[in-house]
Amino acid sequence: NLLAKYPGFVFTPQVYCFDYLAEPTLLNTPEHPLLRNKSFDYILSNPPWGAKRVNKKSLDSFACFMTKALAQLSAGGTLNFLLPEAVTNVRAHAWLRERLLSDYTVNKISRYPKVFSGVTTRLVAIEVTKTKSTEEVKFFNGKEFHGAVKPEVLRQTVNCTFAFVHKDEQSILDKLFKKQYSTLTNSVWALGIVTGDNAAKLLPTPVEGSEAIFTGKEIQPYLLRPAQKYIIYDRSRFQQVAKDKIYRADEKLVYKFISNRLVFAYDDKRRLFLNSANILIPYLPTLGIKTVLLFLNSELFQFAYMKMFGEVKVLKGNLCALPFPKLAATDETMFADVCDRILGNDQLASSESQQRIYDYYGLSPKQIKHIKEVVHNGVLA
């Protein structure tokens, strides 16, 4: 390809084939002579993705490539990597993001839709210079400029998330955190049933001794759609199950975790769920389960989740970082009553709940309008 690109030139391409990560400190193998004690002005790569065992630790291979490449950049040199979007928001890579923001200049982050056959994740190109600078990080959607953020603002986000949050949006998030708040850290979490063989163990129609089982597809805000499958609940026949008292709790919340939306439903009928649904029994000192449900399904918390994490999965660690206000008893009762009306199919209660939450945080009409635009247009960053 290189020779074909420059047919008028006579030259020998400097193309080498070897394991870039081979070195005693990483894989206990000799480093290639080309790399030994060398630095480079430009390093560009679409490195392999996936788990790699290094010094008894499991790291993503792209992180290994990026770490070594950063060490081999010349002063003022530039690195440009094409990576899975997970590098921008997944907690496991927070250490890498913090290092980039602290020790280097992150010039720009460009997001792209999926471009590889068979790959479902979105992609990002990250350009880094080996200098220390306070210049803003520029965000692009493809080639379209989206905005810029100071690196210290990104460092202050949960897990140093690389999500574009302009100053007006940060002022909205600040209002959530200025209230006294608690988190879901001490709550009960569980995965739905892993049958090990859905084809054999899920039934299309009820039989004697069976009961309905719900999947992520049946979860919608507040209420569940009718179950499409049935199961004989014999715990010994399943591959993985949570404690029975969690499935049979008098009240619990269930949610989709493969989703770019917070979608939580309420269950007080001790129903069963497959592992496409996660279970949450919240414990917050001043909030009942229905008030938690109301906040989790609100536009404001959806906005906060999108801006804080830029995530297309609903992860426990991220949910535990959301700030739930410590409510006075009168406010708690008011929010719980609105939730009861929604659960009772009161058509006006849903929009009323949104406004009551906005009012509680003192958000302006301009801020509310922006939140709605972000949430309903699905703008992640």
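**Entry 1: F324 and its neighbours**

I started at F324, and, leaving aside residues up to four places away in sequence, I found that it touches Q180, Y181, S182, L184, L284, L287, V292, F295, L296, F301 and L319. I note here that I am reading a predicted model, and I treat every value below as computed from it.

I then looked up S182, one of the residues that F324 touches, and found it in strand β9, which covers residues 181-182. Is S182 buried or exposed? I count S182 as buried because its relative accessible area is 11%, and the cut-off for buried is under 20%. With residues up to four places away in sequence again set aside, the contacts of S182 are L284, P285, L322, P323, F324 and K326.

**Entry 2: the nonpolar cores**

Next I asked which residues have the most contacts inside the largest nonpolar core. They are L319, L322 and F324, in a core of 51 residues. I listed the elements that give two or more residues to this core, and they are α7 (167-178), β13 (252-256), β14 (264-267), α10 (289-296), α11 (299-309), α13 (329-343), α14 (349-361) and α15 (365-377). The largest share comes from α11, which supplies eight residues. I also recorded a second core, separate from this one, which has 32 residues, L70, F81, I109 and F164 among them.

**Entry 3: helix α11 and its packing with α7**

Given the share of α11 in the core, I checked how much of this helix is covered, and found that eleven of its eleven residues are buried. The list runs E299, L300, F301, Q302, F303, A304, Y305, M306, K307, M308 and F309, and I note that the charged residues E299 and K307 are on it.

I then turned to the pair α7 and α11, whose axes lie 11 Å apart and make an angle of about 115°; the crossing of α7 past α11 is left-handed. On the α7 side the contact is made by E169, I172, L173, L176 and F177, and on the α11 side by L300, F301, F303, A304, K307 and M308. How many of these contact residues are nonpolar, polar and charged? I read nine nonpolar, no polar and two charged. F301 of α11, which takes part in this contact, is also one of the residues that F324 touches.

**Entry 4: the four-stranded sheet**

I followed the strands next and found an open sheet of four, in the order β10-β16-β13-β14, with antiparallel pairing. The edge strands, each pairing on one side only, are β10 (188-191) and β14. On average, and with direction ignored, neighbouring strands of this sheet are turned by 25° against each other.

Looking at one pair in detail, I found four bridges that join β10 to the antiparallel strand β16, residues 277-281, and W189 standing opposite L280 of β16. Helix α10 packs on the sheet, where it touches β13, β14 and β16, and the direction of α10 makes about 160° with that of β14.

**Entry 5: the whole chain**

Finally I stepped back to the protein chain, which has 15 helices and 17 strands and a C-alpha trace that spans about 75 × 55 × 40 Å along its principal axes. Of its 381 residues, 46% count as buried. Among contacts with a separation of 6 or more, I noted that 67% are between residues 24 or more positions apart.

Definitions and conventions. Residues are numbered from 1 along each chain as its sequence is written. This is a predicted model: local features need pLDDT of at least 70, side-chain atom pairs count only at pLDDT 80 or more; totals for chains, interfaces and linings use all residues. Side-chain values use heavy atoms; hydrogens and water are left out. A nonpolar core is a set of buried Ala, Val, Leu, Ile, Met, Phe, Trp, Tyr and Cys residues joined through side-chain atoms within 4.5 Å. Buried means under 20% relative accessible area, exposed over 50%, partly exposed in between (1.4 Å probe, protein chains only). Contact means heavy atoms within 4.5 Å. Axes are lines fitted to C-alpha atoms, for helices over the stretch in contact, and angles run from 0 to 180 degrees between N-to-C directions. A crossing is left-handed if the near helix is turned anticlockwise from the far one by less than a right angle, and right-handed if clockwise. Two strands pair if DSSP finds at least two bridges between them.
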